[in-house]
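Grab a pencil and work through these exercises at your own pace. Try each task before you read its solution.

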Amino acid sequence: MYTIGTMPPRPPADLAITDALIATMGSAAGPRVGAAMRDLGMLKGDVVVKGGKIVAVGAGAAKAYRVKKTIAAKGRLVTPGLVDPHTHAVFAGTREDEFELRNSGITYAEIAAKGGGIKKSVAQVRAATVEQIKDRTRPALRRMLEHGTTTVEVKSGYGLSLKDEMKLLQAAKELAAEGPPDIVPTFLGAHEIPVEYKDDRAAYVRLLVEKMIPEVAKKKLAKWCDVFCEKGIFEIADSRMILEAAKKAGLGVRLHAEEFATIGGAKLAADLGAASADHLMAIDDSGIDAMRQSGTVAVLLPGTTFFLGLPRYAPARRLIDAGVPVALATDFNPGSCYTESLQIIWAIAATQLKMTAAEVLCASTVNAAHALRLADRGRIGEGLVADLVMWDAEDARTLTYHFGVNQVVTVFRRGSLVAGKL
Ligand code: NIG
Ligand code: FE
């Protein structure tokens, strides 16, 4: 009992960010669809952190705690740590030569047909060690963190043999242990037909289904399985077979769908209960309707359309207006989109996809977390992981308005300062 006039002792806390403009992203778990994507759950006040988790949010919240470290945001915007739900971040070399060729009018498909593209990256990975791959990826992960990304999905897919795919997933696993950022690993053995199977695609699909997927699942090297479902690569029947095997082995499923040709990948994703269908530059109305019904997240990668110099972007407005949950990702990879920054993706999403600043923020936090089925992050609320970004902005709209520079002031992972400076 305390006598009248005596305050109860205040509980301790590790960190408080005070006087911030907080984009909480709402109190309910994701996904957000339609107009709800534009509601940032904005409030002015403090975020209090203890033991890596958020313990309180709101006006004057910090006053109720004995806080070890207080950071005055001075009205600046604080958001959840960004989640990048689609990258190919483990590889062994880049392909500058192809970018020059593409800009001279040669297409991505023509380059791929001549042994460039993914095939070239595969040759580089096969010649590399796990250490060499890690040495290349580590600085990229660091750049992601510096640009506000605290959780990143990382796909394999440049090995295309059991040994070489394992090498990529092993590199991702070791980098995850080094962290931050948090890494969510995805097996993408079905990224391309390896040269040794070029005349026998069915045999490679069998290898994936019978050997590679069970082995990856058994060793717990991936949480998800993805397929490049595309005309002339893995078509619908192959993709279905591969993803059904993945589900049987206990992996979650997602796919690269309708990137260049409309072949029904979005509908397949919906039928399989995939967590996401990604790219979707060529999605049609029936695909949109199927995804709306299944709640499959549309992960859009406008950086790829931009970097490939293509005129047709994914129909973000139609997807959002139809009620499909939309997320954004970098697609960071050595060929078709070489950027670690979600901020440049936002500038492209605003100008080309016609998304609002609120929508892009939703697409990179709560909806991106939902695309990876991570309910413990992507929002700022009690009990959630304290991954936070403070921005050099006092208005969320500045995030899409100020482009080509890094707007991050500081990044916190589990309440610890991991990038930027105070
Ligand atoms: O998502 N579309 C297929 N895969 C990657 C490209 C990878 C590469 O070109 O190396 C993508 O864009
Ligand atoms: Fe991709």
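Is H147 buried or exposed? Keep in mind that you're looking at a predicted model.

**Exercise 1: Placing H147**

Task: Decide how H147 sits in the fold, then find what it touches.

Solution:
- Step 1. Start with the relative accessible area of H147, which is 18%.
- Step 2. Compare that with the cut-off: buried means under 20%. H147 has 18%, so H147 is buried.
- Step 3. Now place H147 on the chain: look in the loop between α4 (130-146) and β7 (149-155).
- Step 4. Leave out residues up to four places away in sequence, and the contacts of H147 are L82, S341, Q343, W391, N406 and V408.

**Exercise 2: The strand after the loop**

Task: Work out why β7 is described as largely enclosed, and which strands pair with β7.

Solution:
- Step 1. Check burial in β7: seven of its seven residues are buried, so β7 is largely enclosed by the rest of the structure.
- Step 2. Take β6 (residues 82-84): three bridges join it to β7, and the two strands run parallel. One pair to look up is D84 with its bridge partner V152 in β7.
- Step 3. Move to β8 (residues 182-190), which is joined to β7 by five bridges and is also parallel to it. Here you'll find E153 opposite V184 of β8.

**Exercise 3: Holding the iron ion**

Task: Which residues are the protein donors of the iron ion (ligand 2), and how are they spaced along the chain?

Solution:
- Step 1. List the donors: H86, H88 and H256 each use NE2, while D331 uses OD. They lie 2.1 to 2.4 Å from the ion.
- Step 2. Write their spacing as H-x1-H-x167-H-x74-D.
- Step 3. Zoom in on the pair H256 and D331, which links distant parts of the chain, 75 residues apart. H256 belongs to strand β10 (residues 252-257), and D331 lies in the loop between β13 (326-328) and α12 (342-352).
- Step 4. Ask about burial: both H256 and D331 are buried.

**Exercise 4: The largest pocket**

Task: Describe the largest pocket by its volume and its lining.

Solution:
- Step 1. Note the volume of the largest pocket, about 460 Å³.
- Step 2. Turn to its lining of 24 residues, where T107, Y108, A109, A112 and F260 lie nearest the centre.
- Step 3. Sort the lining of this pocket by class: twelve residues are nonpolar, six are polar and six are charged.
- Step 4. See which helices help out. α1 (96-103), α2 (108-113) and α3 (118-126) each supply at least two lining residues, and α2 gives the most, with four.

**Exercise 5: Cavities**

Task: How many cavities of 30 Å³ or more turn up in the whole structure, and what lines them?

Solution:
- Step 1. The search finds two of them.
- Step 2. The largest cavity holds about 110 Å³ of space. Of its 14 lining residues, H88, Y108, H191, E259 and S336 lie nearest the centre. By class, that lining has five nonpolar, six polar and three charged residues.
- Step 3. The second largest cavity has a volume of about 40 Å³. Its lining is H279, M281, L300, L301, P302, T305, Y313, A314 and L353. Seven of these are nonpolar, two are polar and none is charged.

**Exercise 6: Unusual backbone angles**

Task: Where are the cis peptide bonds at P31 and P180, and what is phi at H279 and L280?

Solution:
- Step 1. Recall the background: most residues other than glycine have a negative phi, and most peptide bonds are trans.
- Step 2. Look at G30 and P31, joined by a cis peptide bond with omega of about 5°. P31 is in the loop between β1 (12-23) and β2 (42-50).
- Step 3. Go on to the bond from G179 to P180, which is cis with omega near -15°. P180 is in the loop between α5 (162-178) and β8.
- Step 4. Check H279, in strand β11 (residues 276-279): phi is positive, near 90°. H279 is buried, with a relative accessible area of 3%.
- Step 5. Finish with L280, in the loop between β11 and α9 (285-294). L280 has a positive phi of about 60°, and it is buried at 0% relative accessible area.

Methods: Residues are numbered from 1 along each chain as its sequence is written. Chains are lettered from A and ligands numbered from 1 in the order in which they are written. This is a predicted model: local features need pLDDT of at least 70, side-chain atom pairs count only at pLDDT 80 or more; totals for chains, interfaces and linings use all residues. Side-chain values use heavy atoms; hydrogens and water are left out. Donors are N, O and S atoms within 2.8 Å of the metal (3.2 Å for Na, K and Ca); water is not among the atoms, so sites may look incomplete. Buried means under 20% relative accessible area, exposed over 50%, partly exposed in between (1.4 Å probe, protein chains only). On a 1 Å grid over the protein atoms alone, a cavity is a set of points where a 1.4 Å probe fits but cannot get out, and a pocket is an open set with protein on both sides within 12 Å along at least five of seven lines; lining residues have an atom within 4 Å of a point. Grid points are joined across faces, edges and corners, and a volume is the space filled by probe spheres set on the points. Ala, Val, Leu, Ile, Met, Phe, Trp, Tyr, Cys and Pro count as nonpolar, Asp, Glu, Lys and Arg as charged, and the others, Gly among them, as polar. Contact means heavy atoms within 4.5 Å. Two strands pair if DSSP finds at least two bridges between them.
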